[in-house]
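Reader: I'm new to this structure and would like a close look at a single part of it. Could you take me through the nonpolar core and what sits around it?

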Amino acid sequence: MHILGSVLTACLLLASATLAAPMAGGEAGVTVLPNDHPLIYYHGRWDASPGTWWAGSGLKLHVEDLTSLTFNLGPHTTSPLASIGVSVDYEPFHTINVSTGVNVIPLGVSYDDSTKTTGKRSTSTVVRINVEGWQNNRINLESISLNAGARLLPYTPSKLAFQFIGDSLSAGQFLPQGVDQAWPFLTGEFFGAEHRINAQPGAALSDIVSYGNQHGLSYQFFRTEDTGYFYTTDHNFTTHWDFVRDRPAPTYVVIHIGANDASQNVIADSFVETYTKFLARLRDLYTHQPIFVFTPWGWPNADGSVSYYYDRQYERIVRDRHLLGDRNTFLVNTTGWVTWEDVFPDNQHPNVAGHEKIAALFEKWLVAWGLHHQT
């Protein structure tokens, strides 16, 4: 679960994604939206600049007569680039690399015969954008430019909203499109939900130094910044996250954590104590929402065996919540969900197909539990 070097990551991103084109000069009548426009729907964690932290953070726009979209990004944007996922009208996400300055966002729009003559859409468009990476993931939004005649409309968020909490197994580490191909994101898409993903590769739940992370999720989840702040020269500090900014509030909370605690030799009783206190803090935030606690799917091996950690401790954690009267915390037993064929052989992390498999199994579990797709 070691953190990869930023330079290597940047090179890989350069080789595998589309670079947003710079806009050559201004255009008369362009609609410019300041970053504090009330109809820009921000999701995930943004600091005051405003700039993104944590994989999956981004924004959504609902625009009438949209034909062009430009992001004007400030100096806090990751250099030389940050990779974002872009989805137009709920089509699959595709990767665009952006950098400080003017970035034209390709919309991939196909006009029918009736709109070719006018050069504009006859209906409104929803554009969804998020940062893909768990590192090199900062975009500092200064303004947004739309084509002349475009009009920003209110975005209506889904009534379903997932809050996912985890480590590299949830953050999409090693995947070509990062978090956009990870099982939490896929699960949210399946149910037509909003999703917020606070997952940090190498981080433990315990507040300890682990694989380059200075803090664990029991601390960092309550901060605006992810653990990358420690290596950031222009923002080398953390700030409290105001959970009121999560709109809508999560309707479901999902946690898959513990692999790095085990790797750092945190004993079972200490891990259970930390997890129990973490759940108590979450319950103070989310008073009535169901909380789903994943057991580990383990580390698959080439011989077909699977190495598990904290055996029977997750059951103990959920049972203790029930004894306190919290019957709205549920155990999700993922034993057998991931096999050798589902992981990258050099690091045992789920590959693209593996994340799709995990998402499908969890979706099936949730449907059986009683959750239905949001229409």
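Author: Let's start with a term. A nonpolar core here is a set of buried Ala, Val, Leu, Ile, Met, Phe, Trp, Tyr and Cys residues joined through side-chain atoms within 4.5 Å. Keep in mind that what you're looking at is a predicted model.

With that in hand, the largest nonpolar core comes to 60 residues. The ones with the most contacts inside it are Phe162, Trp183, Phe221, Ile255, Tyr275, Leu282 and Phe362. Helix H7, residues 268-285, supplies the largest share of this core, with six residues.

Now zoom in on one of those names. Phenylalanine 162 touches Thr187, Gly188, Phe191, Ala193, Glu194, His195, Arg196, Tyr252, Val254, Leu366 and Leu371, once residues up to four places away in sequence are left out. The list includes Thr187 and Leu366, and you'll meet both again where two helices come together: Thr187 is in H4 and Leu366 is in H9.

So let's go to that helix pair. H4 covers residues 183-190 and H9 covers residues 352-369. They pack with their axes 8 Å apart, at an angle of about 45 degrees. That angle makes H4 oblique to H9. As for handedness, the two helices make a right-handed crossing.

Who does the touching? On the H4 side there are Trp183, Leu186, Thr187 and Phe190. They meet His355, Glu356, Ile358, Ala359, Phe362, Glu363, Leu366 and Val367 of H9. Sorted by class, this contact has eight nonpolar, two polar and two charged residues. Two of the names here, Trp183 and Phe362, are also among the residues with the most contacts inside the largest core.

That isn't the whole story of cores, though. There is a second, separate core of 28 residues, and Leu61, Leu73, Ile96 and Ile144 are included in it. Leu61 falls within strand S4, which runs over residues 52-64, and that strand is worth a stop.

Glycine 58 is found in S4 as well. With a relative accessibility of 1%, glycine 58 counts as buried, because the cut-off is under 20%. Setting aside neighbours within four places in sequence, glycine 58 is in contact with Tyr41, Tyr42, His43, Trp46, Ile129 and Asn130. Some of these partners belong to strand S3, which spans 41-46. Glycine 58 and isoleucine 84 are 26 residues apart along the chain, and their C-alpha atoms are separated by 8.6 Å.

The loops beside S4 have some quirks too. Proline 50 lies in the loop between S3 and S4, and a cis peptide bond joins it to serine 49, with omega at about -10 degrees. On the other side, the loop between S4 and S5 holds aspartate 65. Although aspartate 65 is not a glycine, its phi is positive, at about 60 degrees. Aspartate 65 counts as buried, at 18% relative accessibility.

Further along, another cis peptide bond joins serine 79 and proline 80, with omega about 10 degrees. Proline 80 is in the loop between strand S5 (69-73) and strand S6 (82-88).

Finally, step back to the chain as a whole. It has nine helices and 18 strands, and 55% of its 375 residues count as buried. Among contacts between residues at least 6 apart in sequence, 75% join residues at least 24 apart.

Methods:
Residues numbered from 1 in each chain as written. Predicted model: local features only at pLDDT ≥ 70, side-chain atom pairs only at ≥ 80, totals over all residues. Heavy atoms only, no water. Axes fitted to C-alpha atoms, helices over the stretch in contact; angles between N-to-C directions. Helix = DSSP H or I, 4+ residues; strand = E, 2+ residues; numbered from the N terminus. Parallel < 35°, antiparallel > 145°, perpendicular 65-115°, else oblique. Left-handed = near helix turned anticlockwise from the far one by under 90°. Contact = heavy atoms within 4.5 Å. Nonpolar A, V, L, I, M, F, W, Y, C, P; charged D, E, K, R; others polar. Buried < 20%, exposed > 50% of the residue type's maximum accessible area, 1.4 Å probe, protein only.
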